[in-house]
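The exercises that follow ask you to work through side-chain contacts in a protein model. Read each task, try it with the structure in view, and then compare your reasoning with the solution.

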Amino acid sequence: MSLVWYEKDADRADSIIFQHRCFDEDGAKDHLHHFHCGAELVFVVRGDCEAYVDDKMYILHSGDICYVDGVRTHKFCYSRGNECYVVVLSPGYSNNANRLASASFETVNRHNDGFENIKAFLDFSFANWDDGSVSFKQGFADMLMGMMH
């Protein structure tokens, strides 16, 4: 691993980064490893991608979830046709989430029956995200962590 950068926007107080990404071309092959204090979850909806967490590489497939504890270095390399949701919970939202998730989650959770329910929840939440209240967004984080247990 060469350069690593601190993604400070992910650690703004009480913030949630919630993105739906679709890749029309290969991307992030030259993306640097980064870190932040908040927990990051990547939900692979379609395609395969590479996840680099610390010095280990994982191949993620459709239906897989990658969980990265705060401050672990990581990067994701996507390919044409990938679709995923990315959720980063800042320390203000994720103090309890980090304790819960790190106690019961591996870095990569392979596709299981619950993924379709999580995907439906992510689809609904993303469609309503911009109009959602602070309570909606806090509830989103709590509900998502509950669904993953």
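**Exercise 1.** Is Arg72 buried, partly exposed or exposed?

*Solution.* Please keep in mind throughout that this is a predicted model. The relative accessible area of Arg72 is 22%. Buried means under 20% and exposed means over 50%, with partly exposed in between, so Arg72 counts as partly exposed.

**Exercise 2.** Find the salt-bridge partner of Arg72, and explain which parts of the chain the pair ties together.

*Solution.* Step one is to find the partner: the side chain of Arg72 meets that of Asp54 in a salt bridge, with 2.9 Å from N to O. Step two is to place both residues: Arg72 lies in the loop between strand S7 (65-68) and strand S8 (74-78), while Asp54 lies in the loop between strand S5 (49-53) and strand S6 (56-60), so the pair ties together parts that are 18 residues apart in sequence. Step three is to check the partner's surroundings: Asp54 is partly exposed, with a relative accessible area of 30%.

**Exercise 3.** State how many salt bridges the structure holds, and then describe the ones that do not involve Arg72.

*Solution.* Begin with a general idea: side chains of opposite charge can pair when their charged atoms come close. The structure holds three salt bridges.

One of them joins the side chains of Glu83 and Arg46, at 2.9 Å from N to O. Glu83 lies in strand S9 (residues 83-89) and Arg46 in strand S4 (residues 39-46), so this pair ties together parts that are 37 residues apart in sequence. Glu83 is buried, with a relative accessible area of 12%, whereas Arg46 is partly exposed at 41%.

Another salt bridge joins the side chains of Asp123 and Lys119, at 2.7 Å from N to O. Both residues belong to helix H2 (residues 115-128), where they are four residues apart and thus separated by about one helical turn. Asp123 is partly exposed, with a relative accessible area of 30%, and Lys119 is partly exposed at 21%.

**Exercise 4.** Classify the ring pair of Phe18 and Phe126 and the ring pair of Phe76 and Tyr78 by the angle between their planes.

*Solution.* The count comes to 10 aromatic pairs. In the pair of Phe18 and Phe126 the ring centres are 5.3 Å apart and the planes stand at 85°; an angle over 60 degrees counts as edge-to-face, so this pair is edge-to-face. Phe18 lies in strand S2 (residues 16-22) and Phe126 in helix H2, so the pair ties together parts that are 108 residues apart in sequence. Phe18 is buried, with a relative accessible area of 8%, whereas Phe126 is partly exposed, with 32%.

Phe76 and Tyr78 have 25° between their ring planes and 6.4 Å from centre to centre, and their pair is stacked. Phe76 counts as buried at 4% relative accessibility, and Tyr78 counts as buried at 2%.

**Exercise 5.** Which residues do ring pairs link into a cluster together with Phe18, and over which ring does the charged end of Lys75 sit?

*Solution.* For the cluster, follow the ring pairs from Phe18: they link Phe18, Tyr85, Phe121, Phe126, Trp129, Phe136 and Phe140. For the charge, look at Lys75: its charged end sits over the ring of Tyr52, 5.3 Å from the centre of that ring.

Methods:
Residues are numbered from 1 along each chain as its sequence is written. This is a predicted model: local features need pLDDT of at least 70, side-chain atom pairs count only at pLDDT 80 or more; totals for chains, interfaces and linings use all residues. Side-chain values use heavy atoms; hydrogens and water are left out. A salt bridge is a side-chain nitrogen of Lys or Arg within 4 Å of a carboxyl oxygen of Asp or Glu. Helices (H or I, at least four residues) and strands (E, at least two) are DSSP runs, numbered from the N terminus. Buried means under 20% relative accessible area, exposed over 50%, partly exposed in between (1.4 Å probe, protein chains only). Rings of Phe, Tyr and Trp (its six-membered ring) pair if their centres lie within 6.5 Å; planes under 30 degrees apart count as stacked, over 60 as edge-to-face and the rest as tilted. A charge sits over a ring if NZ of Lys or CZ of Arg is within 6 Å of the ring centre and within 35 degrees of the ring normal.
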